[in-house]
Structure formats: structure tokens, C-alpha cells
Amino acid sequence: MAAGALWGLVFLAPELASEFTPLQLAAGRYVAYGAFAAALLAPRWRAVSAAIGRREWIALTWLSVLGNTLYYVLLASAVQMGGVAMTSVVVGFLPVAVTVIGSRDHGAVPLHRLVPSLVMGAAGVACIAWQSVDAAAPGSEAKAMVGLACAIGALVSWTTYAVWNGRWLARAQHVSAHDWSLLTGVATGAQALVLAIPAALIGASAHASDQWMRFIAVSAGVAIFASIVGNAFWNRASRLLPLTLLGQMILFETLFALLYGFLWEQRWPTTAELAAIALMVASVVTCVSAHRPSQGAAHAQDQHA
């Protein structure tokens with residue numbers, strides 16, 4: 001839940017610094033993430049890096065692309081072209097995608113027990129989708145379609161990251177969840193330094209000093225709260241929860257993204273949005289209940305203990 005609350009800020013960042021391109025937003029956020037992560041690891045760098053081999057570094061590089069660099073470029077593009085609501089709608093399918101994939105893991109809760117949770121989660125997303133389509137401005141269909149494509153790309157990218165990252169955390173038990181997050185930040189920061197070159201050239205335009213100050217503040221804030229603190233919460237949860245339950249927890253990112261969007265737009269949620277929020281909360285509660293052991297199983301475990 002804490003990770004979702006912090007990650008929800010990511011949806012608002014492109015609106016706060018709308019004068020800058022998605023490439024510039026991604027480069028700024030992840031250069032800051034890499035710098036903060038490197039500073040936190042510096043006192044223990046020898047000990048931490050000694051536990052990481054070539055295979056882990058390759059995995060961290062790909063995880064950085066899928067869960068950070070590529071994902072955020074696509075997400076920022078979707079928000080700027082399609083809006084916060086539409087983007088949160090598409091990314092809101094993350095719990096369904098991750099949970100279905102996780103149901104194939106050995107020892108996972110059977111998919112049929114998760115059907116009520118998945119149906120309610122999908123129904124909640126459908127409510128927001130209906131609201132977004134109904135509020136679409138005429139004449140902006142092409143732009144909205146490109147934004148939708150970017151949002152779908154972000155969905156695929158982060159789903160792959162969530163599954164792969166969870167499995168690598170299970171494999172690399174010798175590295176703490178927090179250190180894994182910081183190492184991901186170092187790999188992402190190195191990529192962002194390369195990304196900063198095209199970001200400075202493509203779509204570059206003059207900006208006022210107050211716009212640059214807001215850009216720096218947004219980049220640093222998202223890097224600290226969403227990337228470092230949020231990822232640390234998520235990686236810890238990844239080791240404590242099965243993938244089927246972990247996937248449902250991503251719903252909180254959508255809920256908080258909507259809350260921040262309402263505050264930014266200074267309005268109350270509509271009836272459809274309230275229905276979506278209620279369905280999403282019910283989806284998570286139902287999923288948690290499905291993971292609770294039956295009374296017979298719990299009694300057997302107690303006797304075995």
C-alpha cells in the first residue's frame with residue numbers, strides 16, 4: 001500500500017512539469033535516482049558489489065529498462081497525450097496481468113479462487129474507462145490513440161518487470177531488498193546519463209528559470225519518494241507475498257493516482273469513479289481472503305508446529 005501511494009505520484013509528475021518532454025522527464029528523474037542510490041550505497045559499495053555477479057548486473061540492467069526508463073517514457077507520453085485518468089485506466093490492468101501470470105507459479109493459489117477478485121478489479125477499471133471515454137474532447141482522437149498505445153506499452157513493460165523482478169529477488173536472497181532497489185537505481189542512473197543526450201536534443205526548447213526549478217524539484221521528489229522509498233517497500237513486499245497477491249496490491253497505485261488527480265483538478269470524483277474505487281478496494285480484500293488458509297489447513301499447520 002505504501003509503495004502504491006508513492007508510485008501514484010508518478011502519474012502527476014508529467015502534469016506538474018508539462019513544459020518538458022517525456023524523454024526529459026525520464027532523464028531528469030533517473031539521473032536523480034541514480035545519484036541518490038549511488039550516494040546511499042557509497043559507504044558499503046565494496047561489500048554490496050562483491051555479492052553481485054555478471055548475471056545479476058545483466059538482470060539489473062534489463063529490469064532498469066523495463067521497470068524504469070522505458071516504462072516512464074511511455075507513461076509520461078500517455079499522461080501528456082491522453083490524461084491521468086486514461087493512463088491510470090490502462091495501467092490499472094496490471095494487477096490482472098500479474099496475478100494471472102503468478103497463478104502459474106508452483107504452489108500458487110488456484111486461478112479459480114481469484115476469479116471474484118479479478119472480476120471486481122476489471123469492473124473497477126471498466127468504470128474509469130467509461131468515464132474517460134465519455135469525457136474525451138472532440139477532435140483529439142488521433143492524439144488520444146497514440147496516448148493509449150503508449151499506456152498499453154507501459155502496461156506490458158511494467159508487467160514484465162514485476163514478474164521478473166519478483167523472481168530475481170527470490171533467487172538473489174543474499175542481497176537485501178533495499179540494496180537490490182539501490183543497485184537498480186545505479187543501473188538506471190547509468191542509462192539515464194545516456195538518455196540525457198537525446199533528451200536534450202529532441203524537442204528541446206527554451207524554458208524559464210522557474211520552469212527549470214520546478215523540473216528539478218519534480219525530478220528529485222519523484223526519484224526519492226517513488227523510486228528509492230517506493231521501490232524499497234515494493235521489493236520488501238515481493239519477498240513477503242506470493243505473486244498472485246502481490247499483483248493485486250498494484251491496485252493501490254491506481255487508487256492513489258486517481259486521488260492525486262482529483263486533488264490536482266480540484267474536484268470530487270464522479271459516480272462512476274466512486275464505483276470504480278469501491279470495486280478496486282473490494283477486489284483487494286477478496287484477493288487477501290482467497291490467500292487465507294482454510295481452517296482445516298491452519299489447524300493442521302498448528303498441530304505440525
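**Close-up views of helices in a predicted model**

**View 1. The buried side of helix 14.** The buried residues of helix 14 (buried meaning under 20% relative accessible area with a 1.4 Å probe, protein chains only) are Ala-272, Glu-273, Ala-276, Met-280, Ser-283, Val-284, Cys-287 and Ala-290. They cover an arc of only 130 degrees around the axis, taken from the directions from the helix axis to the C-beta atoms, and therefore lie on the same side of helix 14. The exposed residues Thr-271 and Val-285 (exposed meaning over 50%) are carried on the face turned away from that buried side.

This is a predicted model, in which local features need pLDDT of at least 70, side-chain atom pairs count only at pLDDT 80 or more, and totals for chains, interfaces and linings use all residues. Residues are numbered from 1 along each chain as its sequence is written, and side-chain values use heavy atoms, with hydrogens and water left out.

**View 2. Helix 3, residues 22-41.** Helices here are DSSP runs of H or I with at least four residues, numbered from the N terminus. Helix 3 has 20 residues and reaches 28 Å from its first C-alpha to its last, close to the 28 Å expected at 1.5 Å a residue, where the expected span is 1.5 Å times one less than the number of residues. Because 14 of its 20 residues are buried, helix 3 is largely enclosed by the rest of the structure.

**View 3. Where helix 2 meets helix 5.** In helix 2, Val-10, Phe-11, Ala-13, Pro-14 and Glu-15 meet Tyr-71, Tyr-72, Leu-75, Ala-76, Val-79 and Gln-80 of helix 5, contact meaning heavy atoms within 4.5 Å.

Terms used:
Helix = DSSP H or I, 4+ residues; strand = E, 2+ residues; numbered from the N terminus.
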